[in-house]
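Here is my note on this structure, written for someone new to reading models. Please keep the sequence and the 3D view open as you go through the points.

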Amino acid sequence: MTLPRTVADVLSDHVTFEVECIDRMYLNVYVPQLQFPLGLVGYVHRQLGLPVASTAPLARITDAFVTAVHRFAHDHNLPWVDFVKGQRKDDVAHQHLARFTGTEGVLFIGRAQEKTPLCRTEKRRDADGNAYPWIVKTTGVINQFYFYCVDDDFGPFFLKFCSYFPYNAKLCINGHEWAKRQAAHAGIGFTALDNAFAAVDDAPTLQAICDTLGPGQIDALLRKWLARLPHPFTAADRAAGYRYDLSVLQAEFSLTQMLDRPVSGRIFFEQVIRDNLDLGRPDQVGLVFDRRLMRTGPRATPGRFRTRIITDGVTPSLHIDYKHTTVKQYHKEGQALRTETTINNTGDFQIGKRLTNLPALRQIGTTANRRLLGVQRISHDPAAGHAAFTAVHDPLTTSGGQRIPGLRFTDPRVHALLSALLVFRLLPHGFTNRDLRDILAPLLGRQPATMTSGQMTYDLRRLRLHGLIERIPHTHRYQVTDAGLRHALFLTRAYNRLLRTGMAELTDPHSNDPPPLRRAATAYETAINQLAEHAGLAA
């Protein structure tokens, strides 16, 4: 068996099987009507039958819920853990899970104090000076009850309830643990890996199982355990429509590619780091999302846009930040290549938070994973050639006889455009005229407001007619073509890493310790002069 030499070799010849799956999900569990003060007032009036808009009457509901939690722990002989500051809850859960012998049940109940949004009553006065209660949104440090459980279908998970009205909760699940149990139920043999599969008898069937995990199964899990655990709302409340709903707080989508041997993974990351490491530090480098952040104004951009290569010990990992979304790639337990996209804010992609949007979020996550691998595969197989270079560099004439300027290799604006294409390639829904301006202006050292829409239209037309981008049908958005990505990768790297660096070494006359290229050029000049002198051509 030969060793792989490039990223493309690893991905094409040394992956034994791969699995795409929803990984960890962290979900909001909430009653929609009670997420704003007026909804709370309506609950007090209609359900409690009280005329005063105050949170004070809710105290007895809280007391009843807390009492029910303690009674549940006592009746089922469950361990009770008061988490301390800095304690890793997952470590405690793993200890209890190691001692668990059943297939389904509650492992333990934990309690922690955490800062939480809530509603409180404050006293206000009207124009006549009369006092009246008023409900406002604020925050407070409130007890949270953690129910760590094991489900027959989902495996380990936890449900965290806030002990204060409206008793919002969080649900945390793991899609790989769900897939393992479904594979076992289906009779598919496999070897488990931490949060993945090390080996599997029937990879296509396993992938089909992973693809079926969706909103229905997750909602069913919540309903099942809400019926078993202490519930803060009465049956009358639920009959009146005060029922919990689910929204996505955080979702991870992973692609695990099992490698034939550990050395393949090491070669993969050696190639990735070598090819993506520029003039910056080796542990934090901007690679793809190198764009200017708008920190002020009405359109301030949230999050960070950067790429990092982090070395923890001897195992590197690649992290790409896009707004609130992160793409992470690492060598999992020395056996597999793991690529995972974590979406922390669905609004980054103009998608709602309701659990029903999970299929659209899955498409975003899996597409980002595949595109990152596509960029890495192509980046190690650049294809130059005179015809390809001139097709981009030289002017062209349309069928109507109009001359379109070329993308000249020495033009700084062209290099900025090519760098922008590397950013836009990873955007699943393409980019617009305005997006191009926001990326291009910082690369040219200008403010976006100083560049007009007409200038962007001119650049878009050049890129489109030279085949680097194409318009998405029936929209005003564009996407980068495969050829555009290949050309942008090759030309920007050739300029930044070869020509610019090489010319800097050749033209620095003041260095006391000339760089290798300058020493080689000097030695070559000396050898030519000596040859000419020996041949009698010195004069």
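The numbered points below go from the overall picture to single residues.

1. **Ground rules.** This is a predicted model, in which local features need pLDDT of at least 70, side-chain atom pairs count only at pLDDT 80 or more, and totals for chains, interfaces and linings use all residues. Residues are numbered from 1 along each chain as its sequence is written, and side-chain values use heavy atoms, with hydrogens and water left out.

2. **Overall make-up.** The protein has 16 helices and 17 strands. Both are DSSP runs numbered from the N terminus: helices are H or I with at least four residues, strands are E with at least two. Of the 539 residues, 45% count as buried. Buried means under 20% relative accessible area, exposed means over 50%, and partly exposed lies in between (1.4 Å probe, protein chains only).

3. **Contacts along the chain.** Take the contacts with a separation of 6 or more: 64% of them are between residues 24 or more positions apart. A contact means heavy atoms within 4.5 Å.

4. **Strand β5 and its partners.** Start with β5, residues 155-162. Is this strand enclosed or open? It is largely enclosed by the rest of the structure, because 7 of its 8 residues are buried. Strand β4 (residues 131-151) pairs with β5 in the antiparallel sense over 8 bridges. Two strands count as paired if DSSP finds at least two bridges between them. A hairpin of 3 residues joins β4 to β5. Across this pair, F145 stands opposite F161.

5. **On to β6.** Strand β6 (residues 169-174) runs antiparallel to β5, with 4 bridges joining them. Here L159 stands opposite L171. The hairpin between β5 and β6 has 6 residues, and Y167 in the turn has a positive phi of about 60 degrees.

6. **The largest nonpolar core.** A nonpolar core is a set of buried Ala, Val, Leu, Ile, Met, Phe, Trp, Tyr and Cys residues joined through side-chain atoms within 4.5 Å. The largest one holds 105 residues, and M25, L27, F147, L159, L171, I173 and I218 touch the most other members. Helix α12 (residues 412-424) gives the largest share of this core, 9 residues. A second, separate core has 15 residues, including F268, L318, L337 and L373. In soluble globular proteins, nonpolar side chains tend to be buried together.

7. **L171 and I142 up close.** Leave aside neighbours within four places in sequence. L171 is then in contact with residues including M25, L27, L159 and I218. I142 is in strand β4. I142 counts as buried, because its relative accessibility is 10%. Its C-alpha atom is 7.1 Å from that of C162, although the two are 20 residues apart along the chain. Beyond neighbours up to four places away, I142 touches C162, S163 and Y164, among others.

8. **A second hairpin.** Strand β12 (residues 325-332) has 6 of its 8 residues buried, so it is largely enclosed by the rest of the structure. It is joined to strand β13 (residues 336-343) by 8 bridges, and the two run antiparallel. T325 has I343 as its bridge partner in β13. Their hairpin has 3 residues between the strands, and E333 in the turn has a positive phi of about 50 degrees.

9. **Salt bridges.** A salt bridge is a side-chain nitrogen of Lys or Arg within 4 Å of a carboxyl oxygen of Asp or Glu. The whole structure has 19. In one, D82 meets R111 at 2.8 Å, N to O. D82 lies in strand β2 (residues 80-82) and R111 in strand β3 (residues 105-125), so the pair ties together parts 29 residues apart in sequence. D82 counts as partly exposed, at 41% relative accessibility, and R111 is partly exposed too, at 24%.

10. **Which salt bridge should you look at next?** Try K160 and E114, whose side chains meet at 3.0 Å, N to O. K160 lies in β5 and E114 in β3, so this pair ties together parts 46 residues apart in sequence. Both residues are buried. Elsewhere, D23, R24, R338 and E340 form one network through salt bridges that share partners.
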